[in-house]
Amino acid sequence: MQQLKEEVCLLIGAITGSSRVSFVRINYEINKVEILASSLGLPRMYDMRFAFTPISPERPSILLPSFKKFPYIIGHPIFDIIPNLNSMAAYLVHDTPKHRTMLIAWNPSAGFFKNDNSITIVERLINVSKEIFSDKHPSKEHLNEMISNDVSKNGFAETALVLNSEPLSKFLFETLISRKRLLARNGASYLALRQWRKSIKPYQLKALQAIKSDDAPISIEAIAVEMVRQIESVYGKLFNTLVPVPGGSSGRKKSFSVLIAERVAHGLKIPCRDILIPATVAKGASHPKKSVILQPYKLSEQLDGNVLIVDDVASSGKHIELATNAIKDTANYCTAVVWIAD
């Protein structure tokens, strides 16, 4: 959870142009401010009373593009920590009688305050971040019960998992375009469920990278539930084997795409066989645009019947083409499904 908080700070920093973004908790009982997470190192706890205009549920955010317009801020203790502070964007995240949690972007770029689209994106991220600071978290037993539901029959399972997933996952589910399309590349077909939103694609990519680095289990489950529902809607019970597209060689035992594929296979009640082997493996982190050197895949085992290939992202469809070419001669029928495609 701590890593997710820090990733939210980094993502909002990229949107606002701020090098310092922090989740802070104002503790009314001891009159101190605690840094809960930050994109840049700051003291973990310090004495300071916030003298800015109060943030309340009625006014959940404050945008101050220039402190010069607010002479009463001169001499504020914050300048002892950030001497070159000129502007600020502050958002209420969680409020109780004992403490208040806020996210603060220190010194956002001047362009941020003039960009309604960027302001809206940050507000969405704040809304989905509120869940991780809420006192009302779902119990582990409740989450396990949702995950064990028959996802092919229970549409609520997907909604419940998304609502209880990590904040960056919720950001993606809220902002990705839901657009079911049948695409093809050189004879290899694949069903794509979602599409990047062009205006905020760089932020969506950063969110996806953060989720991949964390291997967030509920995020993986939410994606898998959506894929199972759409696969059964389009193909019914056609497939008897599922094969994941190998992820980048980031050094992890299982890539993000394989983890999703395993959960999709569980939902479809068919075996998942991780048998695609790249002919050449290059070292490097997995990334939708920066994956391993593209070489033909080999099969570690032979296949028969109807095979479904699963991947999380298809940028050009090249990985799907290579996977299809490796499988099509041994299977009766072969096609693919991806969560996001350009």
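Colleague: Let's begin with one residue: what relative accessibility does Asn107 have?
Modeller: Happy to, and please keep in mind that this is a predicted model. Asn107 sits in the loop between strand S6 (99-106) and helix H3 (116-133). Partly exposed covers the range between the buried limit of under 20% and the exposed limit of over 50%. Asn107 counts as partly exposed, with a relative accessibility of 22%.

Colleague: What is the phi of Asn107?
Modeller: Most residues other than glycine have a negative phi. Asn107 is not a glycine, yet its phi is positive, at about 55°.

Colleague: Asn186 also has a positive phi; is Asn186 buried or exposed?
Modeller: The phi of Asn186 is near 50°, and this residue belongs to the loop between strand S7 (177-185) and strand S8 (188-195). A residue needs over 50% relative accessible area to be called exposed. Asn186 has 60%, so the word for it is exposed.

Colleague: Let's turn to charged pairs. How many salt bridges does a search of the whole structure find?
Modeller: Such a pair needs a side-chain nitrogen of Lys or Arg within 4 Å of a carboxyl oxygen of Asp or Glu. Glu301 and Arg273 make one such pair, with the closest N and O atoms 2.6 Å apart. Over the whole structure, the number of salt bridges found is ten.

Colleague: How far apart along the chain are Lys201 and Asp342?
Modeller: Their side chains meet in a salt bridge, at 2.9 Å from N to O. Lys201 is in helix H7 (residues 201-214), while Asp342 is in the segment after strand S13 (333-341). Asp342 is partly exposed, at 33% relative accessible area. The pair links distant parts of the chain, and the separation is 141 residues.

Colleague: Going back to Glu301 and Arg273, what is the relative accessible area of Arg273?
Modeller: The salt bridge between Glu301 and Arg273 joins two loops: Glu301 lies between strands S11 (297-299) and S12 (306-314), and Arg273 between helix H9 (256-268) and strand S10 (276-278). Glu301 counts as partly exposed, at 39% relative accessibility. Arg273 is partly exposed too, and its relative accessible area is 22%.

Colleague: Which residues are linked with Arg185 in a network of salt bridges?
Modeller: Part of that network is a pair whose side chains meet at 3.8 Å, N to O. The two partners are three residues apart in helix H10 (residues 318-327), so about one helical turn separates them. One of them, Glu321, is buried at 8%, whereas the other, Lys318, is partly exposed at 22%. The residues linked with Arg185 are Lys318 and Glu321.

Colleague: Why is helix H6 described as largely enclosed by the rest of the structure?
Modeller: Helix H6 covers residues 167-175 and has nine residues. Those counted as buried, meaning under 20% relative accessible area, include Leu168, Phe171, Leu172 and Phe173, and even Lys170. Helix H6 is largely enclosed because its buried residues number eight of the nine.

Colleague: And for the whole protein, what share of the 342 residues is buried?
Modeller: The protein has ten helices and 13 strands. Among contacts between residues at least 6 apart in sequence, 68% join residues at least 24 apart. The protein exposes about 16,000 Å², with carbon and sulfur atoms supplying 51% of that area. As for the 342 residues, the buried share is 51%.

Terms used: Residues numbered from 1 in each chain as written. Predicted model: local features only at pLDDT ≥ 70, side-chain atom pairs only at ≥ 80, totals over all residues. Heavy atoms only, no water. Buried < 20%, exposed > 50% of the residue type's maximum accessible area, 1.4 Å probe, protein only. Helix = DSSP H or I, 4+ residues; strand = E, 2+ residues; numbered from the N terminus. Contact = heavy atoms within 4.5 Å. Areas by Shrake-Rupley, 256 points an atom, 1.4 Å probe, with all protein chains shown as cover.
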